[in-house]
Amino acid sequence: MTTQPQPIRVLVVEDDPVAADAHVMYVGRVPGFVAVGKAHTGAEARRLLDRTPVDLLLLDLHLPDVHGLQFARSLRAAGHQADVIAVTSARDLTVVREGVSLGVVQYVLKPFTFATLRDRLVRYAEFHAAVGEASGQDEVDRALASLRARRRRRCRRG
């Protein structure tokens with residue numbers, strides 16, 4: 001008898017209540033993921049993280065009480081290992097670079113559609129599974145590659 005893999009537990013951290021509800025709904029529509037909570041501030045997210053196991057945060061970078069990257073930095077300093085997908089309207093390359101240095105694994109730029117988030121979550125699930133099984137360079141490379149966008153090939157007719 002094979003055991004069913006545990007769903008990836010997601011905490012939605014978004015200050016806009018309507019957007020937060022939509023993100024929770026979107027997460028629930030992707031097989032293998034479950035939203036375990038939502039928070040509208042960094043303080044609320046911290047309280048939830050202290051009592052709820054979380055694998056992944058969908059983290060808005062513009063929270064009312066803390067910048068999302070500062071929040072991510074404080075999580076790492078406290079030993080929290082949850083991965084982060086930044087959900088933001090910030091398009092500043094400096095912010096992206098800082099996020100990468102803090103372990104942000106994906107960026108989803110607002111506004112976005114369900115299909116966009118679903119794609120990022122599916123790729124994250126591939127990464128999550130692959131990194132758990134990585135035993136050599138090829139496996140690590142494949143795990144990291146799963147996070148990158150698949151490029152559509154253009155067919156040139158000539």
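Two strands are taken as paired where DSSP finds at least two bridges between them. With that in mind, this predicted model offers a good place to begin at D60, which stands opposite V87 in β4. The two strands concerned, β3 (residues 56–60) and β4 (residues 83–88), pair in the parallel sense over five bridges. Another facing pair links L56 with D83 in β4.

Stepping back, the strands form an open sheet of five, in the order β2-β1-β3-β4-β5, with parallel pairing. At the edges are β2 (33–39) and β5 (104–109); each has a single partner strand, so one side of each is left without a neighbour in the sheet. From one strand to the next, the twist averages 20°. Helix α1 (residues 17–28) packs on this sheet and touches β1 (8–13), β2, β3 and β4, while its direction makes about 165° with that of β2.

Strand β4 deserves a closer look. It is mostly covered, with six of its six residues buried. D83, I85 and V87 point one way from the strand, V84, A86 and T88 point the other way, and all are buried.

The connections on either side of β4 complete the picture. Leading into β4, the chain forms a right-handed β-α-β unit made of β3, helix α3 (residues 68–77) and β4. β4 also runs parallel to β5, to which five bridges join it, and here V87 stands opposite V108 in β5. Between these two strands the chain crosses through helix α4 (residues 93–101), in a β-α-β crossover that is right-handed.

Methods:
Residues are numbered from 1 along each chain as its sequence is written. This is a predicted model: local features need pLDDT of at least 70, side-chain atom pairs count only at pLDDT 80 or more; totals for chains, interfaces and linings use all residues. Side-chain values use heavy atoms; hydrogens and water are left out. Helices (H or I, at least four residues) and strands (E, at least two) are DSSP runs, numbered from the N terminus. Axes are lines fitted to C-alpha atoms, for helices over the stretch in contact, and angles run from 0 to 180 degrees between N-to-C directions. Contact means heavy atoms within 4.5 Å. Buried means under 20% relative accessible area, exposed over 50%, partly exposed in between (1.4 Å probe, protein chains only). A crossover is right-handed if, with the strands pointing away from the viewer, the path from the first strand over the helix to the second runs clockwise.
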